[in-house]
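Work through the exercises below with the sequence and the model open. Each task is followed by a solution in steps.

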Amino acid sequence: MIENFLISGYTKRESKGVYRFNLNTERSEMSNLELVTEVNGPTYLTLDAHNHLYTVAAENGNGGTSAFSFDGNKGTKLNSVLAPGASNCFVAVDEKRGLVYAANYHLGEVRVYKRLSDGQIELADTVKHEDLHGPKPEQKGALCHFANLTPDNRLVVCDLGNDAVYTYAISDDGKLSDELIYFSAPGSGDRHITFSADGKFAYLACELDSTLEVLAYENGTFTLLQKISTLPETHTGFNGVAAIRLTADGKFLYLSNRGHDSIVTFKVAQNGASVERIGWTATEGNIPRDFNFNKTEDFIVVAHQDSDNLTLFERNKDTGALTVAQKDFYAPEITCVLPY
């Protein structure tokens, strides 16, 4: 069976923007890398239910989000909404409200866009976080790294600079209100978050202290249940946690370690309230910025930002174990992986 993926990342060296490739699940093989559309710096992207592609983008000293139509092979630009300064770093779609959310890392902002009928976007709201920055050198102010929906349709934002997770109420026209804040331990560097299927638990990837936090979640509030390292005790060099993915059955949780250059696997307790670390799998590349499952979750594709390669792993659904099926598949500067 042939499955399709979109990938994108920086455009500082060889990349021209957004690419696609095929995964042959019978042969356990990736192939046919093709350029989808040229974009400057699309370090994150997403698709909506109407085949509109949204990417973070930068043009002439301005940064924001760009919208494209997408026919499965090529993207055609619809419009961009940009503002002075750095680009956004994360983008997500709210189908129910017809909104697009973005996090702006360097400016410490959350941005909400209204999705128009033809897929174009217009700015609906911007919220700038106060600088409640943590103790580490990287934390010089608010640094919003993630903005997406909670299971109960609030907006959740991870702020790496503030060691905090924010939740907001959202109006139908995209206005944010009723802010609640959960603080991790100082220096954690809250990066990305994902939720259990029943919405009762959240799993928070903390970039700067290389930990996973297991949180209870209810009505926009979080309570810490467990904090566990993503590294072996023998690793003493640089590391920064990047992507986090939970399997659809809720049994296994995976995070990528940049520096240790591994995927760490956790087994999730049956009730979702705790995890057990199983072990690490080397990713066969440098700086595994993002990874994702294929549609059946039999495979994981890992993208390496610095070594310009994708690695394909077969995944044992019973044990969670990963086995290398293919490595050294060329893909330049990739920081985002999305099956479609």
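**Exercise 1: a serine in a loop**

Setting aside residues up to four places away in sequence, S184 touches D163, D190, L204, C206 and E213. The model is predicted.

Task: Locate S184 among the strands, decide whether S184 is buried or exposed, and find the polar partner of its side chain.

Solution.
- Step 1. S184 belongs to the loop that runs between strand 15 (176–183) and strand 16 (190–195).
- Step 2. The relative accessible area of S184 is 8%. Buried means under 20%, so S184 is buried.
- Step 3. Among the residues that S184 touches is E213. The side chains of S184 and E213 make a polar contact at 3.2 Å.

**Exercise 2: a tyrosine in a loop**

Task: Place Y10 in the chain, classify its accessibility, and list its contacts beyond four places in sequence.

Solution.
- Step 1. Strand 1 (2–9) and strand 2 (17–24) flank the loop that holds Y10.
- Step 2. The relative accessibility of Y10 is 24%. Partly exposed covers values between 20% and 50%, so Y10 counts as partly exposed.
- Step 3. With neighbours within four places left aside, the contacts of Y10 are S15, T43, R289, Q305, E333 and T335.
- Step 4. For a distance along the chain, take T25, which is 15 residues from Y10: their C-alpha atoms are separated by 28 Å.

**Exercise 3: a four-stranded sheet**

Task: Give the strand order of the open sheet of four strands, name its edge strands, and describe the pairing of strand 9 with strand 10.

Solution.
- Step 1. The order is 8-9-10-11, and the pairing is antiparallel.
- Step 2. Strand 8 (90–94) and strand 11 (121–128) each pair on one side only, which makes them the edge strands.
- Step 3. From one strand to the next, the twist averages 20°.
- Step 4. Strand 9 (residues 99–104) pairs with strand 10 (residues 109–115) over six bridges in the antiparallel sense. Within this pairing, N104 stands opposite E109 in strand 10.
- Background: the strands of a sheet pair through backbone hydrogen bonds, in a parallel or an antiparallel way.

**Exercise 4: positive phi values**

Task: Compare the settings of S28 and D308, starting from their phi values.

Solution.
- Step 1. Most residues other than glycine have a negative phi.
- Step 2. Phi of S28 is positive, near 50°. Phi of D308 is also positive, near 60°.
- Step 3. S28 lies in the loop between strand 2 and strand 3 (29–38). D308 is in the loop between strand 25 (299–304) and strand 26 (309–315).
- Step 4. S28 is buried, at a relative accessible area of 14%. D308 counts as buried too, at 10% relative accessibility.

**Exercise 5: the whole chain**

Task: State how many helices and strands the chain has, and check its radius of gyration against that of a compact globule.

Solution.
- Step 1. The chain has zero helices and 28 strands.
- Step 2. A compact globule of 340 residues would have a radius of gyration near 20 Å; the chain has 19 Å, so the two agree.
- Step 3. The C-alpha trace spans about 45 × 45 × 35 Å along its principal axes.
- Step 4. Of the 340 residues, 59% count as buried.
- Step 5. The chain exposes about 13,500 Å², of which carbon and sulfur atoms supply 47%.
- Step 6. Of the contacts between residues at least 6 apart in sequence, 46% join residues at least 24 apart.

Key. Residues numbered from 1 in each chain as written. Predicted model: local features only at pLDDT ≥ 70, side-chain atom pairs only at ≥ 80, totals over all residues. Heavy atoms only, no water. Helix = DSSP H or I, 4+ residues; strand = E, 2+ residues; numbered from the N terminus. Buried < 20%, exposed > 50% of the residue type's maximum accessible area, 1.4 Å probe, protein only. Polar contact = N/O pair within 3.5 Å; in protein donor to acceptor, adjacent residues only side chain to side chain. Contact = heavy atoms within 4.5 Å. Pairing = 2+ DSSP bridges. Axes fitted to C-alpha atoms, helices over the stretch in contact; angles between N-to-C directions. Rg over C-alpha atoms; globule rule 2.2 N^0.38 Å. Areas by Shrake-Rupley, 256 points an atom, 1.4 Å probe, with all protein chains shown as cover.
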